Amino acid sequence: MQVVIAGGSGFLGRPLTARLQRDGHVVRVLTRRPRPGVADEIAWTPDGTAGPWARALEGVDAVINLSGEGIADKRWDDARKAALRQSRVATTRSLVAAIRQAAQPPRVLVSGSAVGYYGPRGDELVTEATPPGADFLSDLCVEWEREAEQASSTTRVVIVRTGLVMHPDGGALAKMLLPFRIGLGGPLGSGTQYMPWIHLDDWMDLIVWMLTTPGARGAFNGCAPNPVTNAEFTRALAAAVSRPAVVPVPGFGLRLLLGEFAASLLSGQRAIPSRAQEMGFGFRFSEISAALRDLIA
């Protein structure tokens with residue numbers, strides 16, 4: 001396949017690009033800062049319109065949209081929330097504009113979203129049929145997905161509502177490992193909130209499955225079949241690094257550090273990948289303990 005990835009230089013984009021290239025696919029990456037002399041990186045300015053870069057999408061098999069600034073990288077204030085929205089909605093709008101003007105549009109667009117779509121859900125079991133929540137992150141995901149769906153008149157559109165992707169090189173796990181390894185890990189708040197997680201290898205397998213399964217359309221939860229509470233995750237990670245985990249992180253401390261985003265960490269979603277499983281996708285890592293042992297080993 002010929003594949004174009006927006007956001008191919010990020011935590012998820014880098015290993016996915018390497019995986020597709022290893023499998024023999026031709027991959028080109030849309031990036032704001034292409035490296036000099038790297039032929040498969042294309043400069044773009046995703047301002048909501050299709051610029052000169054749009055010809056890179058002409059006749060390709062697939063476009064994967066992973067663009068977006070890190071949700072947990074900075075404390076949320078009005079400026080940060082505007083940047084989070086701009087980096088998702090405007091980039092998706094640009095890609096859709098390029099797809100819709102192409103003489104030979106891509107056959108499939110796989111576009112990112114997040115389980116934050118559902119908002120705080122307690123211990124309610126969450127599937128793709130669950131309606132969206134009513135907080136900032138939910139509204140952002142709804143708007144993000146709506147932009148991607150605008151391409152559905154010409155291209156098969158798949159939305160991946162990703163949970164916490166587990167890998168020691170980035171994301172949530174990378175931030176947790178050091179305190180856990182020195183014995184300072186512990187549950188967040190009460191620890192009763194659910195964490196919809198997925199091993200990076202399973203997430204990449206799921207993306208490839210979406211690219212190659214013609215019947216895959218619409219939204220899919222990108223998380224493992226067995227979500228765990230934060231307390232269960234804490235015990236599994238402590239066991240994987242052979243350290244105790246007895247230092248809880250109080251909810252008020254998270255709120256001071258992260259602002260409004262702390263509410264998402266302290267509530268969570270018990271999301272499961274119903275649609276992918278019903279369509280025959282199989283997970284290599286369904287249990288958090290086995291996933292963490294594999295990643296940390």
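This report walks through the sheet, two helices and one pocket of a predicted model.

## The sheet

Start with the strands. Seven of them make an open sheet, ordered β3-β2-β1-β4-β5-β7-β11, and the pairing is parallel. At the edges sit β3 (41-43) and β11 (218-222); each has a single partner strand, so one side of each has no neighbour in the sheet. Going from one strand to the next, the twist averages 20°.

Now for the β3 end. Strands β2 and β3 run parallel and are joined by three bridges. Thr-31 has Ala-43 of β3 standing opposite.

## Helices across the strands

Two helices are worth a look here. Helix α3 covers residues 136-149 and lies across β4 (62-65), β5 (108-114), β7 (156-162) and β11. Its direction is at about 175° to β5.

Helix α5, residues 200-212, also lies across β4, β5, β7 and β11. For α5, the angle quoted is to β7, at about 165°.

## The second largest pocket

If you're after a spot to probe, the second largest pocket has a volume of about 180 Å³. Its lining is made up of Gly-8, Ser-9, Arg-14, Thr-17, Gln-21, Val-29, Thr-31, Arg-33, Arg-35, Asp-40 and Glu-41. Two elements give two or more residues each to that lining: α1 (13-22) and β2 (26-31). The largest share, three residues, is from α1.

What classes of residue make up the lining? One is nonpolar, five are polar and five are charged. Thr-31, the residue opposite Ala-43 in β3, is one of the lining residues too.

Terms used:
Residues are numbered from 1 along each chain as its sequence is written. This is a predicted model: local features need pLDDT of at least 70, side-chain atom pairs count only at pLDDT 80 or more; totals for chains, interfaces and linings use all residues. Side-chain values use heavy atoms; hydrogens and water are left out. On a 1 Å grid over the protein atoms alone, a cavity is a set of points where a 1.4 Å probe fits but cannot get out, and a pocket is an open set with protein on both sides within 12 Å along at least five of seven lines; lining residues have an atom within 4 Å of a point. Grid points are joined across faces, edges and corners, and a volume is the space filled by probe spheres set on the points. Helices (H or I, at least four residues) and strands (E, at least two) are DSSP runs, numbered from the N terminus. Ala, Val, Leu, Ile, Met, Phe, Trp, Tyr, Cys and Pro count as nonpolar, Asp, Glu, Lys and Arg as charged, and the others, Gly among them, as polar. Two strands pair if DSSP finds at least two bridges between them. Axes are lines fitted to C-alpha atoms, for helices over the stretch in contact, and angles run from 0 to 180 degrees between N-to-C directions. Contact means heavy atoms within 4.5 Å.
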